[in-house]
Amino acid sequence: MVDTTMDLEPPAQEVKMEKDFSAIVDQQMPEIDLLAQSGKLQEALDKLLLLEKQTRSASDLASNSRVLIHIIKLCYNAGNWKMIGEYVVLLSKKHGMLKQAITKMVKEAITYLDSTPDLETKLSLINTLRLVTDGKIFVEVERARLTRMLSKIREDEGKIAEAADILQELQVETFGSMERREKTDFILEQMRLCLAKKDYTRMQIISKKISTKFFENKENHDLKLRFYELMIQHALHEEAFLSVCKYYRAVYDTPSIQEDESKWVQVLANVILFVVLSPYDNEQSDLIQRIYADSNLSKIPHEKDFVKCFITNELMRWPKMEEVYGAALKQTFVFDKTTEEGKKRWETLHQRVIEHNIRVIAKYYTRITLKRLTQLLDLNTNDAQEFLSKLVVSKTIYARIDRPAEIVSFVPRKDANTVLNEWSRDINDLLELIVKTTHLITKEEMVHGITKSL
């Protein structure tokens with residue numbers, strides 16, 4: 001293997017041209033073409049190699065680039081694919097090579113890939129070009145594109161894991177010469193293959209390489225939609241429903257989605273379903289209120305009524321919810337009854353309804369019997385206690401169960417200091433009220449006395 005240690009250094013400043021070989025190249029090129037056309041390919045290539053050495057020694061970049069490209073073009077015209085690879089490797093190893101000329105030669109060779117007679121030849125040339133570009137900063141973009149081609153070939157062959165591993169070899173975020181849009185597109189492809197490979201942890205790590213600020217530009221909204229589609233798939237696998245809701249909101253806020261009513265209606269419906277499925281906390285509570293305040297929600301009244309049930313402090317009876325909303329919800333992919341994920345999310349929705357009901361009961365009751373609690377929740381005693389315990393552990397509510405008496409208390413027990421402080425505060429409020437009342441009585445007596453004397 002070629003030692004590419006020196007190639008890892010940044011490109012040096014361009015050497016000043018010592019002699020202009022353009023006239024000589026113009027003169028010799030037609031003669032060389034005639035030799036190649038007459039079947040003397042090797043003789044033509046030998047002359048070009050001599051000319052290449054002269055132009056390289058004189059640091060004539062333009063002429064050297066022309067010669068390098070012409071060498072591989074003659075091999076291409078002759079249909080000798082093996083020779084193309086051999087000359088690319090040979091020319092890239094020359095002492096004092098002009099880096100820009102090598103870059104142009106590699107770009108020219110890449111254009112031949114679509115014309116290869118078979119897959120084996122194409123793979124051979126791709127691997128040769130990847131070997132030549134390995135470790136060379138000045139052709140890092142070309143290497144990235146070649147790697148993506150190779151990855152696509154492996155994916156088409158059904159070798160998803162190999163395709164993902166090949167693409168992950170490159171850290172394109174460090175490539176200074178690659179445009180930001182192309183970098184993002186490359187990283188999105190890495191994310192997609194990680195998902196296809198079911199490597200969810202690596203996909204999450206790779207996704208952090210993309211800054212969402214990049215998507216603010218309207219020209220990049222197509223990449224934005226691809227990015228969030230991949231993130232939604234990842235979050236669904238992790239059952240991070242609040243994250244799914246946020247990703248759908250980002251999609252919903254995209255102008256191209258807002259302009260198409262058929263699209264934003266579906267996206268907004270998904271936003272509602274996943275915010276409802278999210279576990280209750282301060283963030284979820286705030287988010288569901290902001291979603292309910294969306295003016296577009298009035299155009300989909302069925303979903304608006306559904307989300308309203310979760311922000312109103314009223315009990316929701318699960319049988320009634322199933323009757324009113326069940327048929328419509330089960331037609332969505334979220335609660336698709338033909339999939340295990342859909343059935344699981346339907347059970348999760350039932351749990352969220354129960355948790356909402358317990359929060360409402362805790363708001364209105366200080367104490368309640370277990371029998372009455374199970375009636376309100378449409379559950380048996382064991383399930384009611386289990387859900388109650390989960391909310392207590394998550395510190396969503398405060399509750400204590402007196403099992404012998406079968407009474408649930410939602411009021412926290414106060415210690416002696418708290419009771420004393422409350423008593424002292426109440427006494428102070430009472431005394432202030434008495435003093436104020438005394439002043440008012442005195443004032444009225446004085447007014448009455450003055451009025452009587454007049």
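# Cores, contacts and a pocket in a predicted model

Of the 69 residues that make up the largest nonpolar core, M191, F274, F306, F310 and L349 touch the most other members. Helix α14, which spans residues 261–277, gives the most to this core, with 10 residues. A second, separate core is made of 47 residues, and among its members are M29, L61, Y112 and L125. The model described here is a predicted one, and every value in this report is computed from it.

One of the well-connected members of the largest core can be followed further. Leaving aside neighbours within four places in sequence, F274 is in contact with L236, F241, V244, C245, Y248, F333, V334 and R345. One of these partners, C245, is buried, because its relative accessible area is 0%, under the 20% limit.

## Cysteines

How many disulfides does the structure hold? The count is 0. In general terms, a disulfide is a covalent bond between the sulfur atoms of two cysteines. For C245 the reason can be given directly: the cysteine sulfur closest to its own belongs to C309 and is 17 Å away, too far for a bond, since a disulfide requires the two sulfur atoms to be within 2.5 Å. Another cysteine, C75, is also counted as buried, with a relative accessibility of 0%.

## The second largest pocket

The second largest pocket holds about 370 Å³ of space. Its lining consists of 20 residues, and those that lie nearest its centre are Y280, F310, N313, H356 and R359. F310 therefore appears twice in this account, once among the residues that touch the most other members of the largest nonpolar core, which is a set of buried residues, and once among those nearest the centre of this pocket. Helices α15 (282–292), α16 (301–311) and α18 each supply at least two lining residues, and the largest share, 7 residues, comes from α18.

Helix α18 covers residues 340–364 and also carries N357. Is N357 buried or exposed? With a relative accessibility of 2%, N357 counts as buried, because buried means under 20%. The side chain of N357 reaches the backbone oxygen of M316 at 2.7 Å. When residues up to four places away in sequence are not counted, N357 touches E314, L315, M316 and L377, so that M316 is both a polar partner and one of the listed neighbours of this asparagine.

## Acidic residues and their arginine partners

Two aspartates, D185 and D222, have side chains that make polar contacts with arginines, and these pairs are listed below.

| Aspartate | Arginine | Side-chain polar contact |
|---|---|---|
| D185 | R226 | 2.5 Å |
| D185 | R148 | 2.7 Å |
| D222 | R181 | 2.6 Å |

D185 is placed in helix α9, residues 180–197, and is buried, because its relative accessible area of 19% falls under the 20% limit. Not counting residues up to four places away in sequence, D185 touches R148, L223 and R226, and both arginines of that set are joined to the D185 side chain by polar contacts. D222, by contrast, is partly exposed, with a relative accessible area of 41%, and has its place in helix α11, residues 221–238. The C-alpha atoms of D222 and T254 are separated by 9.7 Å, although the two residues are 32 residues apart along the chain.

## Loops and the α19 region

Where do residues other than glycine take a positive phi? S59 has a phi near 60° and is found in the loop between α2 (41–57) and α3 (61–77). D378 likewise has a phi near 60°, and lies in the loop between α19 and α20 (381–393). As for their surroundings, S59 counts as buried at 10% relative accessibility, whereas D378 is partly exposed, with a relative accessible area of 33%.

Helix α19 spans residues 370–377 and includes Q375. At 40% relative accessibility, Q375 counts as partly exposed, because this value lies between the limits of 20% for buried and 50% for exposed. Q375 and I427 are 52 residues apart in sequence, and their C-alpha atoms are 41 Å apart in space.

Key:
Residues numbered from 1 in each chain as written. Predicted model: local features only at pLDDT ≥ 70, side-chain atom pairs only at ≥ 80, totals over all residues. Heavy atoms only, no water. Helix = DSSP H or I, 4+ residues; strand = E, 2+ residues; numbered from the N terminus. Buried < 20%, exposed > 50% of the residue type's maximum accessible area, 1.4 Å probe, protein only. Polar contact = N/O pair within 3.5 Å; in protein donor to acceptor, adjacent residues only side chain to side chain. Contact = heavy atoms within 4.5 Å. Core = buried A, V, L, I, M, F, W, Y, C linked by side-chain atoms within 4.5 Å. 1 Å grid on protein atoms, 1.4 Å probe; cavity = no way out; pocket = protein on both sides within 12 Å on 5 of 7 lines; lining within 4 Å. Points joined across faces, edges and corners; volume = space filled by probe spheres on them.
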